[in-house]
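Me: Could you take a close look at the sheet for me, and then carry on to the helix packing? I'd enjoy a connected walk through it.

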Amino acid sequence: MMQLFYSPTSPYTRKVVVTAYETGLIDRMTFVTTQANVAESPVTEVNPLGKVPTLILDGGEVLYDSPVICEYLDGLHDGIPLFPRAGGSRWTALRRQALGDGIMDAAVARRIEGLRPEGQRSADLMGRQAEKIERALDVLEDEVAEFEAEITIGQIAVACALGYLDLRFPNVCWSTGRPDLGDWYAGFCKRRSMRASAHPDPS
Ligand SMILES: N[C@@H](CCC(=O)N[C@@H](CS)C(=O)NCC(=O)O)C(=O)O
């Protein structure tokens with residue numbers, strides 16, 4: 001059994017879980033629920049960066065981060081590849097993965113800053129992260145009509161990023177003024193992989 005260091009609120013971890021469902025590998029994985037943001041986190045023993053997701057393979061080898069783990073899993077199944085193997089479609093899928101991951105990076109940074117005591121928060125930093133997210137969402141609204149017919153790692157990353165915005169910034173209403181992206185996301189969320197990996201309700 002592969003072992004995944006996991007957090008139910010991590011969008012990067014969710015990417016891996018969605019990928020595990022989509023590739024039919026979910027039953028080959030066990031989950032170690034991990035609080036990554038603490039000094040004594042057990043994940044630091046296997047990943048010096050102390051981050052989730054981290055995957056321990058059957059033979060003991062350790063893989064991180066989420067793009068690496070997802071590409072590894074994609075190599076273990078015979079279905080349509082989530083990482084197109086060659087050509088322009090590969091680079092498009094990888095760029096979309098970077099865009100989704102980048103929204104996560106900005107949202108996580110903004111949230112961490114927002115959790116600092118009020119006098120220590122940088123409004124400038126939080127504002128810059130919010131602008132990155134807004135610009136990325138606008139690009140996605142423009143290109144969602146061109147999304148591949150078959151699911152790719154780019155679509156998985158984008159969907160997990162949007163799910164994380166809903167979890168942590170429910171007041172942002174990212175789909176307002178972005179109807180095509182909103183419709184696409186609603187359809188994508190019907191997939192078993194997305195339903196099974198949904199973030200817990202924060203309340
Ligand atoms: N680029 C990494 C990012 C992973 C990441 O930042 N995970 C967060 C949880 S959402 C974490 O483990 N943070 C703990 C820390 O940075 O100490 C990936 O794609 O896996």
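In what order do the strands of the open sheet lie, and what kind of pairing do they have?

Reply: Happily! This is a predicted model, where local features need pLDDT of at least 70 and side-chain atom pairs count only at pLDDT 80 or more, while totals for chains, interfaces and linings use all residues. Residues are numbered from 1 along each chain as its sequence is written.

The open sheet has four strands in the order β2-β1-β3-β4, and their pairing is mixed. At its edges are β2 (29-33) and β4 (62-63), each with a single partner strand, so one side of each lacks a neighbour in the sheet. Strands here are DSSP E runs of at least two residues, and helices H or I runs of at least four, numbered from the N terminus; two strands pair if DSSP finds at least two bridges between them. Within the sheet, β1 (residues 2-6) and β3 (residues 54-56) are antiparallel, joined over three bridges. Phe5 faces Thr54 of β3.

On to the helices. The axes of α3 (residues 88-115) and α5 (residues 153-168) come within 7 Å and cross at roughly 20 degrees; axes are lines fitted to C-alpha atoms over the stretch in contact, with angles from 0 to 180 degrees between N-to-C directions. The two helices are therefore roughly parallel, a label for angles under 35 degrees (over 145 is roughly antiparallel, 65 to 115 roughly perpendicular, the rest oblique). Residues meeting across this contact (C-beta atoms, placed from the backbone, within 7 Å) include Leu99 and Ile103 in α3, and Ala157 and Ala161 in α5.

Definitions and conventions: Contact = placed C-beta atoms within 7 Å.
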